[in-house]
Amino acid sequence: MDSFIVRGGQRLHGVLSASGSKNAALPIMAATLLSAEQCLLRRVPNLRDIATMATLLSSLGATADRDPKEASVALNSCALDQFRAPYDLVKTMRASILVLGPLLARFGQAEVSFPGGCAIGSRPVDLHIRAMEAMGATVAVESGYIVAKAPRGLSGADFCFDTVTVGGTENAVMAATLARGHSTLRNAAREPEIVDLVQFLRAMGARIEGEGTDTLEIEGVSALHGATYEVMPDRIEAGTYLVAAAATRGDVKIDGISSEVLGVVIDKLALAGAEITCGEGLVSLDMKTKRPTAVDIETEPFPGFPTDMQAQFTALNAVALGHSSVVETVFENRLMQVHEMRRMGAEIDIAGDRAQITGCEQLQGAPVMASDLRASASLVIAGLVADGETRIDRIYHIDRGYENIEGKLQCLGADIRRIST
Ligand code: UD1
């Protein structure tokens with residue numbers, strides 16, 4: 001099993017290119033199931049979750065040909081003959097649920113293993129199921145599988161999500177593209193990755209309006225065609241490197257990302273004392289060697305502060321000047337990184353969904369354990385600002401969502417290496 005050894009104390013400095021977005025690429029890959037024609041996706045990151053989605057699509061009978069040099073994947077589901085997402089794949093990646101809507105819409109049947117709990121909470125999929133039922137599907141849970149059927153196809157529906165859900169919105173919008181008639185999805189998620197998915201679906205011939213707002217209007221069509229599409233850059237990856245640079249009092253330029261998708265993350269970094277410059281597809285951060293100032297954050301669906309950046313800001317606040325509070329409202333149990341950071345000397349108290357942080361001048365290196373993807377990234381940041389050596393175990397979590405993180409950090413001057421034991 002791989003671990004990272006990080007020796008803290010280097011100020012990060014340099015230029016990086018943003019990789020393609022994991023959270024946009026996964027639903028877009030699932031959406032290729034909606035067409036019998038080939039789709040070519042570009043700027044697909046080389047990540048474990050992407051490989052898992054490719055394996056899942058292949059297990060259904062699709063072909064998935066990856067060209068790592070071009071960061072592209074050609075997907076073709078003309079000969080699909082299986083409609084079941086097995087437990088072994090779903091348990092390693094919850095986003096497997098994203099095949100539910102496309103399979104049901106094109107083939108009238110889908111079976112997806114029920115995703116269980118995960119490190120960051122119970123994460124139900126009831127709203128995915130209710131949206132499918134609203135479009136006329138019958139859904140049952142049999143032997144741990146969600147078994148959905150719509151033998152006469154789906155029908156357009158007016159559906160309102162009780163809670164804003166990214167994956168639920170994605171499943172519903174994909175299903176609605178091939179449903180008979182008109183669908184309206186209310187209280188839909190507005191994340192940039194939803195906008196990217198809708199743009200891809202439109203490139204396939206879907207008729208959708210309203211992406212980026214909380215209401216999506218979809219006019220079903222009888223078939224979708226193939227498309228070539230470039231996935232958006234990863235705003236969470238870019239944000240993670242900006243926070244790492246801020247925590248180490250360094251400076252970094254991220255190429256290929258626009259400030260609009262980073263939104264409130266940039267505002268919070270500016271409040272923490274960073275000098276931020278945004279150009280055409282470029283965001284630069286410079287701390288001018290200053291210690292960051294503590295910033296309060298509270299997670300919310302987009303355009304609020306992203307839950308996927310919460311752990312990284314917890315690490316920043318742990319070494320910032322002053323007191324701060326970090327409130328997690330999107331997921332239960334997503335402050336796991338705090339227990340490991342405390343072992344590095346961080347002064348953090350947890351009460352329910354809130355962490356109260358008193359910034360300290362320096363953390364101390366320690367052996368720590370990654371618990372989920374973003375928590376792992378925050379421990380890398382903590383290691384970069386700690387005195388001495390930090391060993392981070394279970395980094396398979398980080399390989400799910402960060403392409404070559406050690407290589408990118410080494411380019412910025414970090415002392416980080418991967419070891420296999
Ligand atoms: C996606 C992202 C994840 C991010 C999250 C929130 C991908 C692959 N993953 O996850 O990185 O942290 O959005 O921005 O894009 N909920 C329900 N019922 C449902 C579905 C969700 O109650 O049927 C709840 C969840 O438990 C959670 C909240 O809604 O509390 C938001 O979850 P959701 O937006 O669905 O997250 P994911 O799509 O799983």
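This text walks through the ligand site, the enclosed cavities, one open pocket and one loop residue of the structure. The model is predicted.

Start at the ligand. Its shell holds 17 residues. The closest are Asp126, Thr165, Val166, Asp308 and Val330. By class, the shell divides into 7 nonpolar, 6 polar and 4 charged residues. Two helices each supply at least two shell residues: α5 (126-134) and α6 (166-177). α5 gives the most, with 3 residues.

Polar contacts come next. A polar side-chain atom of Asp308 sits 2.6 Å from an oxygen atom of the ligand. Asp308 is also among the closest residues of the shell. For Arg334, a polar side-chain atom lies 3.4 Å from a ligand oxygen. Pro124 takes part through its backbone: one of its polar backbone atoms is 3.4 Å from an oxygen atom of the ligand. How much of the ligand's accessible area does the protein cover? On its own, the ligand has 740 Å² of accessible area, and the protein covers 83% of it.

Now turn to empty space inside the protein. Rolling a probe the size of a water molecule over the atoms reveals where such space remains. How many cavities of 30 Å³ or more are there? The count is 2.

The largest cavity has a volume of about 50 Å³. Its lining can be followed in stretches along the sequence. Arg235 and Ile236 belong to it. So does the run Val261, Leu262, Gly263, Val264 and Val265. Phe302, Pro303, Gly304, Pro306 and Met309 complete the list. The elements giving two or more residues to this lining are α8 (235-247), α9 (259-262) and α10 (264-271). By class, the lining has 9 nonpolar, 2 polar and 1 charged residues.

The second largest cavity holds about 40 Å³ of space. Thr240, Tyr241 and Ala244 are part of its lining. Ala377, Val380, Ile381 and Leu384 also line this cavity, along with Ile405 and Leu409. Which elements each supply at least two residues here? They are α8, α13 (373-384) and α15 (405-411). The largest share, 4 residues, comes from α13. This lining has 8 nonpolar residues, 1 polar residue and no charged ones. α8 thus links the two descriptions: α8 gives two or more residues to the lining of the largest cavity, and α8 supplies at least two to the lining of the second largest.

Open space is the next stop. The second largest pocket contains about 210 Å³ of space. Gly9, Gln10 and Arg11 line it, as do Ala247, Thr248 and Arg249. Val319, Glu361, Gln362, Leu384 and Val385 are the other lining residues. Leu384 therefore deserves a second look. Leu384 lines this pocket, and Leu384 also lines the second largest cavity. By class, the pocket lining has 4 nonpolar, 4 polar and 3 charged residues.

Finish at a single loop position. Ala18 lies in the loop between β2 (13-17) and α1 (22-31). Is Ala18 buried or exposed? Ala18 counts as buried because its relative accessibility is 14%, and the cut-off for buried is under 20%. Ala18 and Arg43 are 25 residues apart in sequence. In space, they are 9.9 Å apart, C-alpha to C-alpha.

Definitions and conventions
Residues are numbered from 1 along each chain as its sequence is written. This is a predicted model: local features need pLDDT of at least 70, side-chain atom pairs count only at pLDDT 80 or more; totals for chains, interfaces and linings use all residues. Side-chain values use heavy atoms; hydrogens and water are left out. On a 1 Å grid over the protein atoms alone, a cavity is a set of points where a 1.4 Å probe fits but cannot get out, and a pocket is an open set with protein on both sides within 12 Å along at least five of seven lines; lining residues have an atom within 4 Å of a point. Grid points are joined across faces, edges and corners, and a volume is the space filled by probe spheres set on the points. Ala, Val, Leu, Ile, Met, Phe, Trp, Tyr, Cys and Pro count as nonpolar, Asp, Glu, Lys and Arg as charged, and the others, Gly among them, as polar. A residue is near a molecule or strand if one of its heavy atoms lies within 4 Å of it. A polar contact is a pair of N or O atoms within 3.5 Å; within protein, one must be able to donate a hydrogen and the other to accept it, and residues adjacent in sequence count only if both atoms are side-chain atoms. Accessible areas come from the Shrake-Rupley method with a 1.4 Å probe; for residues, only the protein chains shown count as cover. Buried means under 20% relative accessible area, exposed over 50%, partly exposed in between (1.4 Å probe, protein chains only).
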